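Hi,

Here is the structure I promised to pass on. Have a look at it first, and then read my notes below.

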Amino acid sequence: MNNKGFTLIELLATITIIAIIASIITFSIGSTLSLSEEKSYELFKNNVINMANLYITECEANSIDCNGEYNWNNNSTSFFAKNLILKGYFKSNELKNPINEHDLTNCLIINVKKDINNSYNITLDDSKCSKI
């Protein structure tokens with residue numbers, strides 16, 4: 001009798017190996033996606049910081065009218081990101097979280113501190129924004 005084919009143990013071993021490889025690939029892809037989302041959000045934040053720096057610099061140089069849009073208090077000030085839209089630094093649909101597409105216009109707070117050299121240290125506060 002000619003027995004061509006696989007035994008049950010050979011089939012189970014093959015299925016187990018395929019399952020292990022699939023789980024490794026799935027974990028790897030998930031990690032890569034998570035890392036790319038984090039990098040995308042960091043690039044987004046850097047872009048907002050750069051535009052905020054330009055906005056403050058132009059306001060302080062009176063290149064644009066920013067009367068009453070922010071007030072200095074002990075060399076620091078804060079304002080919402082919507083100011084950057086109102087002055088044309090971003091389009092209205094560009095201030096969205098690149099990960100979940102939530103609008104950050106009215107929740108993203110830009111904090112600016114002026115140092116002794118009149119340079120600006122700008123940070124973003126997104127704690128009021130939805131993380132989901």
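**What I found**

The chain has two helices and three strands. Starting at the N terminus, these elements come in the order α-β-α-β-β. Please keep in mind that this is a predicted model.

**The chain as a whole**

The radius of gyration is 26 Å, while the globule rule gives 14 Å for 132 residues, so the chain is more spread out than a compact globule. You can see this in the spans too: along its principal axes, the C-alpha trace covers about 95 × 30 × 25 Å. Of the 132 residues, 23% are buried. The accessible surface adds up to about 9,400 Å², and carbon and sulfur atoms hold 56% of that.

On contacts, I looked at those with a separation of 6 or more: 55% of them are between residues 24 or more positions apart. As for charges, the chain has 11 positive and 14 negative ones, and the mean positions of the two groups are 2 Å apart.

**The strands**

How do β1 and β2 run relative to each other, parallel or antiparallel? Strand β1 (residues 76–80) and strand β2 (residues 109–114) run antiparallel, with five bridges joining them. If you want one pair to look up, take Phe 79, whose bridge partner in β2 is Ile 110.

Strand β2 also pairs with strand β3 (residues 120–125); these two run antiparallel as well, and six bridges join them. Two pairs are easy to find here. Val 112 has Ile 122 in β3 as its bridge partner, and Lys 113 stands opposite Asn 121 in β3.

Between β2 and β3 the hairpin has five residues, and Asn 118 takes a positive phi near 60° there. Asn 118 is not a glycine, yet its phi is positive. With a relative accessible area of 52%, against a cut-off of over 50%, Asn 118 counts as exposed.

Asn 75 is another one to check, since its phi is near 60°, again a positive value in a residue other than glycine. You will find Asn 75 in the loop between α1 and β1. Its relative accessibility is 45%, so Asn 75 counts as partly exposed.

**Leu 84 and its surroundings**

Which residues does Leu 84 touch, once its neighbours within four places in sequence are left aside? First, its place: Leu 84 sits in helix α2 (residues 82–86). Leu 84 has a relative accessible area of 0%, so it is buried. Its contacts are Val 48, Met 51, Ala 52, Tyr 55, Phe 79, Tyr 89, Phe 90 and Ile 110. Two names on that list, Phe 79 and Ile 110, are the bridge partners I mentioned between β1 and β2.

For a sense of scale, try Leu 84 and Ile 24: they are 60 residues apart along the chain, and their C-alpha atoms are separated by 44 Å.

**Lys 45 and Glu 69**

Lys 45 belongs to helix α1 (residues 8–60). Its relative accessibility is 23%, so Lys 45 counts as partly exposed. In sequence, Lys 45 and Leu 104 are 59 residues apart, but from C-alpha to C-alpha the distance is 11 Å.

Glu 69 is in the loop between α1 and β1, which is also where Asn 75 is found. At 27% relative accessibility, Glu 69 is partly exposed, because buried would need a value under 20%. Not counting residues up to four places away in sequence, Glu 69 touches Tyr 55, Phe 79, Asn 83 and Lys 87. Tyr 55 and Phe 79 are on the contact list of Leu 84 as well. Glu 69 and Tyr 55 are 14 residues apart in sequence, and their C-alpha atoms are 11 Å apart in space.

If you have time for one spot, I would open the model at Leu 84, which is buried, and go through its contacts, among them Tyr 55 and Phe 79. After that, you could follow Phe 79 across to Ile 110 in β2, and then go on from β2 to β3.

Best wishes

How values were computed
Residues are numbered from 1 along each chain as its sequence is written. This is a predicted model: local features need pLDDT of at least 70, side-chain atom pairs count only at pLDDT 80 or more; totals for chains, interfaces and linings use all residues. Side-chain values use heavy atoms; hydrogens and water are left out. Two strands pair if DSSP finds at least two bridges between them. Helices (H or I, at least four residues) and strands (E, at least two) are DSSP runs, numbered from the N terminus. The radius of gyration is taken over C-alpha atoms; the globule rule is 2.2 Å times the number of residues to the power 0.38. Buried means under 20% relative accessible area, exposed over 50%, partly exposed in between (1.4 Å probe, protein chains only). Contact means heavy atoms within 4.5 Å. Accessible areas come from the Shrake-Rupley method with a 1.4 Å probe; for residues, only the protein chains shown count as cover. Lys and Arg count as positive and Asp and Glu as negative; His and the chain ends are not counted. The place of a charge is taken as NZ of Lys, CZ of Arg, CG of Asp or CD of Glu.
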